Amino acid sequence: MADVDDKPGSGELIFLEPVFLTKVWGGTRLRDLYGYVLPVDEKVGECLAISARPEGDCIVKRGRFAGMRLSALWTERRDLFGGLQTDTFPLQVKILDAHEDLSVQVHPDEGYAARHNGGGKNECWYVLRAGDAGRVVIGHEAESAREFAGLAREGRWGELLRSVEMREGDSFFIPAGTVHAILAGSLIYEVQQSSDTTYRLFDYDRLDGGAKRQLHVEEALDVVVAPSRPVAVSPVVTVLEGATRTLLTRNDFFTFSRWDVDRAATVPVDAPFLLVSAMEGSGTVNGAEVAAGDHFIVPSGVRELDVTGPLTLMVTGP
Ligand code: ZN
């Protein structure tokens, strides 16, 4: 843990303005469910809720860092983040509204990404809405990389891809090398390493603005892990006074939990900083008003959060 920053107001929560991205598969639920002000006629697929990436670098909404971008805050005020040493902000939090199926894709690990000008990407999903089909593609049925490549090149996706049941409240850890596709109707809260290196294997031959989106079949075949590893996530529930904390995943890149606060609770902070999204309810966190759809960073030095609910918070630490 870093030294506590004792300057007045140093424990102030840092609220961020999300960035929205239009996608060929996007929908309208981000506006409908969370009241974000979005263009009516656009298919908004992604809410970059906490992001310092070039395609969506969130701006601080208010307080003493108002108007600063998260990337600048990371560079100039590393003390807020416990002095973590990576060059760029290491994590990204998104909400995905899949009105249609997302492409079948895979992300590289650190080693492969480093040799191919990209970033490694492990991700974890929390299911906010499951959609009618209630399924998601994770993994495949091939016994070897060779069998995978053969079936993929012949387009035998029905035989190759593994679809698993998905319900609201489920979570899935998707390690690098896992072929995956989020399917129509799903609303997914996603935590990931801050990287956009995605190798698209199949995009249903659909058109985006008159043209098919680029595929990256060779790279995808290079990085797909075969046979598929199991992906079961076993949440660990801790009951506190007034709150339940559910650990969804802890891996080399992030720790991701859901906190459910009924009326009032004091929850200890056990990470150099936290990325927090309110996804249900409304209340306060350390005196600041918080409602579903709000996203904020808990800076270094804050030892606990006083939460009044009812609030469901998705909480990520490095
Ligand atoms: Zn992905």
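Glu 123 counts as buried, at 2% relative accessibility, where buried means under 20% relative accessible area, exposed over 50% and partly exposed in between (1.4 Å probe, protein chains only). The model is predicted: local features need pLDDT of at least 70, side-chain atom pairs count only at pLDDT 80 or more, and totals for chains, interfaces and linings use all residues. Residues are numbered from 1 along each chain as its sequence is written, and side-chain values use heavy atoms, leaving out hydrogens and water.

Glu 123 is among the protein donors of the zinc ion, together with Gln 105 (OE1), His 107 (NE2) and His 180 (NE2), at 2.1 to 2.8 Å. Donors are N, O and S atoms within 2.8 Å of the metal (3.2 Å for Na, K and Ca); water is not among the atoms, so sites may look incomplete. Along the chain the donors follow the spacing Q-x1-H-x15-E-x56-H. Because Glu 123 lies in strand S9 (residues 123–129) and His 180 in strand S13 (residues 180–181), the pair ties together parts 57 residues apart in sequence; strands (E, at least two residues) and helices (H or I, at least four) are DSSP runs, numbered from the N terminus. His 180 is likewise buried, at 2%.

The structure holds 16 salt bridges, each a side-chain nitrogen of Lys or Arg within 4 Å of a carboxyl oxygen of Asp or Glu. Three of them are listed here.

| Acidic residue | Basic residue | N to O distance |
|---|---|---|
| Glu 100 | Arg 206 | 3.7 Å |
| Glu 141 | Arg 162 | 3.1 Å |
| Asp 203 | Arg 213 | 3.0 Å |

Glu 100, Asp 203, Arg 206 and Arg 213 are linked in a network of salt bridges. Within this network, Asp 203 is buried at 4%, whereas Glu 100 is partly exposed at 31%.
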